[in-house]
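Please look over the sequence and the structure shown here before reading on. The paragraphs that follow lead from the chain as a whole to its sheet, and then to some of its loops.

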Amino acid sequence: MNQTRRDFIKKSTALGVSSLLPFNKKFFKMNAKIRTAHIGVGGMGLNDLKAISSHKNVLVTALCDVDSDLLNQAHKLFPKAKMFKDYRILLNNLENEIDAVVISTPDHTHGPASIMAMKKGKAIYCQKPLTNNIIDAREMSKISFEKRLVTQMGIQVHSFYDYKLAKLLIQEDLVGKIHTVRAWSPKNWGFDGKLSKKEDKIPDNLDWNLWCGTSPYKNYLENKYHQYNWRKMVGYGCGTLGDMGVHIFDTPYNALELDVPESVINECRKPNGIGFPEKNKVSYVFPGTKFTTKKLKWVWEDGKGAPYSNNDLKLPNGDKLPQQGAMFIGKKGRLLLPHFMEIPKIIIDNKYQFLDTSKFEEKELLEKNPARDYEKESLLHYHEFIDACLNKKECSAPFTYSSKLTETILLGVVAGRFPGEKLNWDKTKGQFIEEKANQFLKQNNRSF
Ligand SMILES: NC(=O)c1ccc[n+]([C@@H]2O[C@H](COP(=O)([O-])OP(=O)(O)OC[C@H]3O[C@@H](n4cnc5c(N)ncnc54)[C@H](O)[C@@H]3O)[C@@H](O)[C@H]2O)c1
């Protein structure tokens, strides 16, 4: 018979275990129903809702959105779930009725909503990037660690076969120690234009004040923020680095077991205080690890035309580069990881090498290649989170990992405020050596 968390706590209290214990993997029962609350249920949030709820141990308990049309659309799928438009009211009112919170809002609300829910001991599935500012990323990691909470950043490719295979090939030394990573996306989540000074009418279905949340309150402009386009805007998203970069950085970052970088330069246009640059070339230097040379160079290019041609990116037979991806350049050869749903390619002496994955599968280092189906592979990542809540698995992208990946991305975003200037990062202090850049580590915390 299924058991809710409350039943479990009642029993644990009878056994002398404090009911004040935070919900964490140590104390949670394996056959329980995980009662979920979903904050942001339009756009990606609707996918997240469907994916999480496809796990048989999930009971969708609450839905929250600042757009009543999107909230009603999700509610049709789960008519028994309670509805909210303010996540603070949801978390306060249902504190004892939910176990896990799924956060799929625009990036600027990830931190405030996650931190509030984590302080209440909830497990969190938060969309990528973890947040739009470095101070919140560090705080999220710290709370999750101290409270031993189950956490997962929503970055499904982390659980995909191709990405696990690329990690294994790098770590098995097939291309030697890596000295450079090049990663690229021609997508543009920047905005070089100007905004109208006139305010558009706020739609009746949208609570614009709640949408802005802790970020600055701006004039409402149709199609500039809600939905999707907030990615382009300073104070809300993190540009193309925060959108595609976080996906494409994930495997090299994970495979090379990197820490945060020690320096960063972003060659882009001057900041305009409105949108992120439409084109960025970001160069990082990382301290070496056992999979890299003494230092690792990492170059990211985004926007129209990216990546600009470079010998490191020339393919055998004059083949065309995949539209988006990463190239690991090692002492023996190169590994190309297209983004996404393609097997990595090993290139040595400018020739593709035959890749026999069966030996890894035989040694059970890698699960067998599943059906090449995006939906099925994505579900693994969501279900891993629920299984971790049930104490059956560990999450592969917990906040202790994903906060560092996010910090790395955000260092490149902050460097965009100082085009062409090298900024040096002191990871112990969590500050730039260049004092002027430290004002961009935190977002303003507006009361709303
Ligand atoms: N992992 C992936 O593959 C993937 C893909 C797309 C988006 N994302 C991430 O998902 C998140 C959402 O992106 P999107 O494209 O769906 O954006 P969106 O603007 O389309 O949707 C955001 C949703 O959150 C709601 N919302 C906004 N503020 C809210 C608040 N304070 N409380 C409750 N609801 C609120 C909006 O009304 C909307 O329903 C982002 O962090 C994005 O990076 C991840």
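Helices and strands are here DSSP runs, of at least four residues for a helix and at least two for a strand, and they are numbered from the N terminus. With that in mind, Glu342 can be placed in the loop between strands β12 (334-338) and β13 (345-348), a spot to which the text returns at the end.

The model is a predicted one. Its chain holds twelve helices and 16 strands, and the C-alpha trace spans about 65 × 60 × 40 Å along its principal axes. A compact globule of 448 residues would have a radius of gyration near 22 Å, and the chain, with 22 Å, agrees with that. Of the 448 residues, 46% count as buried, where buried means that 20 or more other C-beta atoms lie within 10 Å of the residue's own. Among the contacts between residues at least 6 apart in sequence, 73% join residues that are at least 24 apart.

A good place to enter the fold is the open sheet, in which six strands are arranged in the order β3-β2-β1-β4-β5-β6 with parallel pairing. Its edge strands are β3 (82-84) and β6 (151-154), each of which pairs on one side only. From one strand to the next, the twist averages 20°. Strands of a sheet pair through backbone hydrogen bonds, and this can happen in a parallel or an antiparallel way.

Within this sheet, strand β1 (residues 34-39) deserves a longer look. Six of its six residues are buried, so β1 is largely enclosed by the rest of the structure. In a regular strand the side chains alternate between the two faces of the sheet. In β1, Ile34, Thr36 and His38 point one way while Arg35, Ala37 and Ile39 point the other way, and all of them are buried.

On one side, β1 is joined by six bridges to strand β2 (residues 58-64), and the two run parallel; here His38 stands opposite Leu63 of β2. β1 also pairs with strand β4 (residues 100-103), again in the parallel sense, over four bridges, and in β4 the bridge partner of His38 is Val102. The path from β1 to β2 involves a helix as well, for β1, helix α2 (residues 43-53) and β2 make a right-handed β-α-β unit.

Far along the sequence comes helix α12 (residues 399-415), whose 17 residues reach 23 Å from the first C-alpha to the last, close to the 24 Å expected at 1.5 Å a residue. Because 15 of those 17 residues are buried, α12 is largely enclosed by the rest of the structure. An α-helix has 3.6 residues a turn, so residues three or four places apart point the same way.

The loops hold several backbone details. In the loop between α8 (208-212) and α9 (239-255), where Gln227 has its place, the peptide bond from His226 to Gln227 is cis, with omega near -10°. Asn223 lies in the loop between α8 and α9 too, and it has a positive phi of about 60° although it is not a glycine. With 9 other C-beta atoms within 10 Å, Asn223 is exposed.

Another cis peptide bond runs from Ala306 to Pro307, with omega near 5°, and Pro307 is found in the loop between β10 (292-302) and β11 (325-330). Arg148, in the loop between α6 (134-146) and β6, has a positive phi of about 50° although it is not a glycine. Arg148 is partly exposed, with 14 other C-beta atoms within 10 Å.

What, finally, are the surroundings of Glu342 in the loop between β12 and β13? Glu342 has 13 other C-beta atoms within 10 Å and is therefore partly exposed. Leaving aside its neighbours within four places in sequence, Glu342 is in contact with Asp162 and Pro322. Glu342 and Tyr374, which are 32 residues apart in sequence, are 11 Å apart in space from C-alpha to C-alpha.

How values were computed: Residues are numbered from 1 along each chain as its sequence is written. This is a predicted model: local features need pLDDT of at least 70, side-chain atom pairs count only at pLDDT 80 or more; totals for chains, interfaces and linings use all residues. A residue is buried if 20 or more other C-beta atoms lie within 10 Å of its own, exposed if 12 or fewer, and partly exposed in between; C-beta atoms are placed from the backbone. Two strands pair if DSSP finds at least two bridges between them. A crossover is right-handed if, with the strands pointing away from the viewer, the path from the first strand over the helix to the second runs clockwise. Axes are lines fitted to C-alpha atoms, for helices over the stretch in contact, and angles run from 0 to 180 degrees between N-to-C directions. The radius of gyration is taken over C-alpha atoms; the globule rule is 2.2 Å times the number of residues to the power 0.38. Two residues are in contact if their C-beta atoms, placed from the backbone, lie within 7 Å. The expected span of a helix is 1.5 Å times one less than its number of residues.
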